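Colleague: Could you take a close look at one part of this model for me, the nonpolar core and what packs around it? I'd like the overall setting too, charges included.

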Amino acid sequence: MAKRSQTKLAASLERERRLKDVEKCLLHGVSSLDDLVTRHGVTKACISLDVKEIRKRWANTPPDGIEQCRTARSKQLEYN
């Protein structure tokens with residue numbers, strides 16, 4: 001049972017790492033699913049879900065501060 005929990009945790013951590021990298025790519029203008037699929041070695045469906053999750057997170061940002069937040073987030077991702 002513990003091994004299953006470790007596997008789930010590892011998959012969750014890997015997804016968060018991929019989400020950060022996909023977000024960084026989107027912030028730098030890379031929006032081609034094919035480019036993201038090639039870079040991460042996962043399916044288009046997987047990348048599509050990642051992009052959907054990132055856009056959902058971005059939607060929670062107030063419209064007047066979106067550009068400032070994206071710039072700050074981009075800088076934050078650069079140093080992580």
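Modeller: Sure, let's begin with the charges: the protein chain carries 17 positive and 11 negative side chains, and the centres of the two sets are 7 Å apart. Here Lys and Arg count as positive and Asp and Glu as negative, with His and the chain ends not counted. Each charge is placed at NZ of Lys, CZ of Arg, CG of Asp or CD of Glu.

Before going further, keep in mind that this is a predicted model, so local features need pLDDT of at least 70 and side-chain atom pairs count only at pLDDT 80 or more, while totals for chains, interfaces and linings use all residues. Residues are numbered from 1 along each chain as its sequence is written, and side-chain values use heavy atoms, with hydrogens and water left out.

On confidence, pLDDT is the predictor's own score for each residue, from 0 to 100. The protein chain has a mean pLDDT of 84, and 90% of its residues reach 70 or more. Confidence is highest in α2, at a mean of 93, and lowest in α4, at 72. Where pLDDT is low, the predicted coordinates should not be read in detail.

Now the fold. The protein chain has four helices and zero strands, where helices (H or I, at least four residues) and strands (E, at least two) are DSSP runs numbered from the N terminus. The C-alpha atoms fill a box of roughly 45 × 25 × 25 Å along the principal axes. Of the 80 residues, 22% count as buried; buried means under 20% relative accessible area, exposed over 50% and partly exposed in between, using a 1.4 Å probe and protein chains only.

So to your core. The largest nonpolar core has 10 residues: Leu19, Val22, Cys25, Leu26, Leu36, Val37, Ile47, Val51, Ile54 and Trp58. A nonpolar core here is a set of buried Ala, Val, Leu, Ile, Met, Phe, Trp, Tyr and Cys residues joined through side-chain atoms within 4.5 Å. The elements giving two or more residues to this core are α1 (2–27), α2 (33–40) and α3 (44–59). In soluble globular proteins, nonpolar side chains tend to be buried together.

Ile47 is a good place to zoom in. This residue sits in helix α3 and counts as buried, at 0% relative accessibility. Leaving out residues up to four places away in sequence, Ile47 touches Arg18, Val22, Leu33, Leu36, Val37, His40 and Val42; contact means heavy atoms within 4.5 Å.

Also in helix α3 is Asp50, which is buried because its relative accessible area is 0%. Neighbours within four places aside, Asp50 is in contact with Arg15, Arg18, Leu19 and Val22. Of those, Leu19 and Val22 belong to the core list.

Over on α2, Arg39 counts as exposed, at 53% relative accessibility. Arg39 touches Asp21 and Cys25, again skipping residues up to four places away. Cys25 in turn touches Val30, Leu36 and Arg39 by that rule. The C-alpha atoms of Arg39 and Val22 are separated by 9.4 Å, with their positions 17 residues apart along the chain.

For contrast, try Gln68 in helix α4 (residues 66–78). Gln68 is exposed, with a relative accessible area of 62%. Its C-alpha atom and that of His28 are separated by 14 Å.
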